[in-house]
Amino acid sequence: MTKHTVTITDNKTGKSIECPVHEGTYGPPVIDTKTLYSGLGMFTLDPGFLTTASCRSKITFLDGEKGILLHRGYPIEQLAEHSTYLEVCYLLLYGELPTRRQYEEFEAQVKFRSNVHERVNHMYAGYLYDAHPMSIMVGVMAALSSYYHEALDLNDPADRDLTAKRVIAKMPTLAAQCYKFAIGHPFVYPNNSLGYVENFLNMMFSHPMSTYTPDPVAVRALDVLLILHADHEQNASTSTVRLSGSAEANPFACIAAGMVSLWGRAHGGANEAVIHMLNEIKTPDNIPKFIARAKDKKDTFRLMGFGHRVYKNFDPRSRVIRKVCYDLLERLPNKVDRALFDTALKLEDIALKDEYFIERKLYPNVDFYSGIILKALGIPLSMFTVIFALGRSVGWIAQWLELMEDPDFKIGRPRQLYNGAEKRDYVPFNQRS
Ligand code: ACO
């Protein structure tokens with residue numbers, strides 16, 4: 001809704017323009033600067049998108065100052081407690097919680113598409129035996145675009161919906177295949193008699209020579225973890241998906257692009273980096289040394305799992321994850337790495353009392369405790385970001401769907417402030433000094 005305007009005046013020329021201010025349901029009002037170039041001949045400069053809204057969205061809201069995260073209006077804490085990942089997928093895609101019948105239909109449609117083309121299974125042979133699973137995931141996800149390209153009509157809502165279901169259905173299969181490839185075990189096909197999370201764990205941990213029954217506590221812990229990762233509005237990977245999507249690229253390739261961004265250690269790669277850091281710290285008495293390094297501007301070391309572009313308060317997801325760690329500790333005491341958890345708790349405690357972290361509002365983020373849960377579930381370190389990608393895949397595809405249906409749909413094309421060389425003439429080799 002537009003309530004008022006902001007006047008922008010160029011003090012050099014005295015020219016002014018009136019920019020409408022839009023207000024959303026929540027969040028700061030947004031100045032619409034679309035007429036800035038036609039009115040004043042200027043662009044805006046905002047490296048890192050610190051204050052730039054790149055789109056309108058109805059999917060997720062987060063208030064970084066208050067530590068609030070809502071999906072379609074529902075608080076993340078309530079979804080984590082009462083919902084399931086697949087139900088949250090439905091909510092993110094369609095905007096409402098499903099009726100039981102809608103849920104069952106959705107689940108059946110996702111299950112129906114859980115297998116991947118047999119040829120995909122041969123793709124893995126091209127990867128080095130110790131390739132990072134994220135590098136494989138990016139490749140195989142992008143390869144799915146070759147299976148669903150010519151026949152996919154981006155302008156057809158039914159085709160777009162089918163694409164969303166395919167992404168959600170195939171992610172667990174691809175993720176588990178990456179793991180099986182890494183350990184040299186045969187791939188396990190999806191089993192549609194199992195629930196979404198059980199099926200994933202079965203594809204990860206069952207083996208032709210033995211039966212595998214996932215622990216219901218582990219199933220629920222992973223379900224909650226996937227819910228917590230499902231979407232997070234316009235973060236780096238989601239913005240990557242949207243930007244690629246705005247060029248009308250194949251959606252599977254767009255999801256692969258999002259994965260590339262997620263893999264970075266400043267983003268989803270942090271969950272793996274946290275465990276490396278905690279292992280390096282070893283015992284709580286080493287924590288002050290690492291805190292001092294994190295504060296030292298000459299040292300590139302940062303406290304991994306701490307800080308967030310938007311949250312200047314507790315990341316609400318990290319509170320839920322910490323609680324799941326305690327639950328696991330109680331119910332699967334032998335699985336949780338107690339020493340690692342204790343070091344993490346102590347590190348959080350010391351950092352939150354330290355003036356450096358207080359001043360900069362640096363709190364634990366979603367990645368700080370998630371690795372402790374994944375470790376307890378037997379998921380190897382190199383797979384942590386893959387699990388993040390598995391959870392986030394619904395957010396990526398829901399945001400892609402929203403983009404494709406946006407009446408303001410336009411190719412994303414940021415501008416720049418050019419500060420390079422002035423125009424000059426080419427100089428041949430023999431005249432260059
Ligand atoms: N350890 C130490 N200092 C930090 C940390 C940290 N983890 N994070 C930020 N700071 C400091 C910066 O050095 C800077 O200090 P200064 O003002 O004295 O220069 C200040 O806090 C602001 O930091 P920025 O880098 O400007 O914040 P930005 O919003 O750009 O970065 C980011 C956010 C990338 C998440 C950052 O906090 C970080 O690198 N954290 C560690 C990696 C991590 O956990 N990433 C996961 C993020 S959550 C997710 O993607 C799922």
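The legends below describe close-up views of a predicted model, beginning with the ligand and moving on to one helix and two loops.

**View 1. Residues around the ligand.** In this predicted model, the ligand is surrounded by 21 residues, and among these H267, L303, G305, R309 and Y356 come nearest. Sorted by class, the shell around the ligand is made up of 10 nonpolar, 5 polar and 6 charged residues.

**View 2. Polar contacts of the ligand with A266, G305 and Y356.** Two of the contacts shown here involve the protein backbone: a polar backbone atom of A266 is 3.1 Å from a nitrogen atom of the ligand, and a backbone N or O atom of G305 lies 2.8 Å from an oxygen atom of the ligand. The contact of Y356 involves its side chain instead, where an N or O atom is 2.9 Å from a nitrogen atom of the ligand. On its own the ligand has 920 Å² of accessible area, and the protein covers 74% of that area.

**View 3. Helix α12 and the helices packed against it.** Helix α12 runs over residues 270-281, and the distance from the first C-alpha to the last of its 12 residues is 16 Å, close to the 16 Å expected at 1.5 Å a residue. The helix is mostly covered, with 9 of its 12 residues buried; these are A270, N271, E272, A273, V274, I275, M277, L278 and I281. The buried residues of α12 pack against four helices, namely α13 (287-295), α15 (338-352), α17 (366-376) and α18 (384-404). After α12 comes K282, a residue whose phi is positive, near 70°.

**View 4. E233 in the loop between α9 and α10.** The loop shown here lies between α9 (216-229) and α10 (236-246), and E233 is part of that loop. Although E233 is not a glycine, it has a positive phi of about 40°. E233 counts as partly exposed because its relative accessibility is 22%, a value that falls between the 20% under which a residue is buried and the 50% over which a residue is exposed.

**View 5. K361 in the loop between α16 and α17.** K361 is found in the loop that lies between α16 (355-359) and α17, and α17 is also one of the helices against which the buried residues of α12 pack. The phi of K361 is positive, near 55°, in a residue other than glycine. With a relative accessible area of 38%, K361 is likewise partly exposed.

How values were computed: Residues are numbered from 1 along each chain as its sequence is written. This is a predicted model: local features need pLDDT of at least 70, side-chain atom pairs count only at pLDDT 80 or more; totals for chains, interfaces and linings use all residues. Side-chain values use heavy atoms; hydrogens and water are left out. A residue is near a molecule or strand if one of its heavy atoms lies within 4 Å of it. A polar contact is a pair of N or O atoms within 3.5 Å; within protein, one must be able to donate a hydrogen and the other to accept it, and residues adjacent in sequence count only if both atoms are side-chain atoms. Accessible areas come from the Shrake-Rupley method with a 1.4 Å probe; for residues, only the protein chains shown count as cover. Ala, Val, Leu, Ile, Met, Phe, Trp, Tyr, Cys and Pro count as nonpolar, Asp, Glu, Lys and Arg as charged, and the others, Gly among them, as polar. Helices (H or I, at least four residues) and strands (E, at least two) are DSSP runs, numbered from the N terminus. The expected span of a helix is 1.5 Å times one less than its number of residues. Buried means under 20% relative accessible area, exposed over 50%, partly exposed in between (1.4 Å probe, protein chains only). Contact means heavy atoms within 4.5 Å.
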